[in-house]
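Biologist: Got a minute to go through this one with me? I'd like to hear the reasoning behind the labels.

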Amino acid sequence: MAACIFCKIIKGDIPSFKLFESDKVLAFLDIEPLSRGHALVIPKHHGAKLTDIPDDQLSEILPVVKKLASATGAENYNLLQNNGRLAHQVVDHVHFHMIPKPNPEEGMG
Ligand code: 5GP
Ligand code: ZN
């Protein structure tokens, strides 16, 4: 979808720090991270809500989250997926937030 920010990121028209890419899924760093390493994992298929995304794209999301966790060594993190304005969705292209919870004793985040 031409006007969608995340579709532009997928096309490379807007720069992003990419963490993982396959033919169906892209993971990249959030531009306003809630903690260090805050990532967004998105299906390449454009759709605003979870119900708009084909199952074959959704089924690749969690394996990518697992890859990110393994690659970064993240042990504590939250997964968040907002649907609709009342649920705080701002970008109308389905995305899963992976938000690391830093260890306070290590002073990061
Ligand atoms: P939402 O509230 O829709 O679940 O979250 C949208 C997320 O997209 C926010 O955390 C915001 O920081 C992120 N975001 C918005 N625009 C951009 C952008 O152009 N690049 C990147 N990397 N993240 C973005
Ligand atoms: Zn889109």
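Modeller: Sure. Strands here are DSSP runs of E with at least two residues, numbered from the N terminus, and two strands pair if DSSP finds at least two bridges between them. Keep in mind that this is a predicted model.

Biologist: How do you know that β1 and β2 pair?

Modeller: Three bridges join β1 (residues 18-21) to β2, and the cut-off is at least two, so they count as paired. The two strands run antiparallel, and a hairpin through three residues links β1 to β2. Across the pair, E21 sits opposite L26 of β2.

Biologist: Why is F28 called buried?

Modeller: Its C-beta has 20 others within 10 Å, and buried takes 20 or more, so F28 qualifies. F28 belongs to β2, residues 25-29.

Biologist: What does F28 touch, leaving out residues up to four places away in sequence?

Modeller: I9, S16, F17, K18, L19, A39 and L40. Take K18: ten residues from F28 in sequence, yet their C-alpha atoms are 4.2 Å apart.

Biologist: And H95, what makes that one buried or exposed?

Modeller: Buried, because 23 other C-beta atoms lie within 10 Å of its own and the cut-off is 20 or more. H95 is in the loop between β4 (77-80) and β5 (96-100). Beyond four places in sequence, its contacts are F6, L40, V41 and I42.

Biologist: Which feature does UniProt place at H95?

Modeller: "Active site", from an unreviewed entry. Such annotations may be inferred rather than shown by experiment.

Definitions and conventions. Residues numbered from 1 in each chain as written. Chains lettered and ligands numbered in written order. Predicted model: local features only at pLDDT ≥ 70, side-chain atom pairs only at ≥ 80, totals over all residues. Helix = DSSP H or I, 4+ residues; strand = E, 2+ residues; numbered from the N terminus. Buried ≥ 20, exposed ≤ 12 C-beta atoms within 10 Å, placed from the backbone. Contact = placed C-beta atoms within 7 Å.
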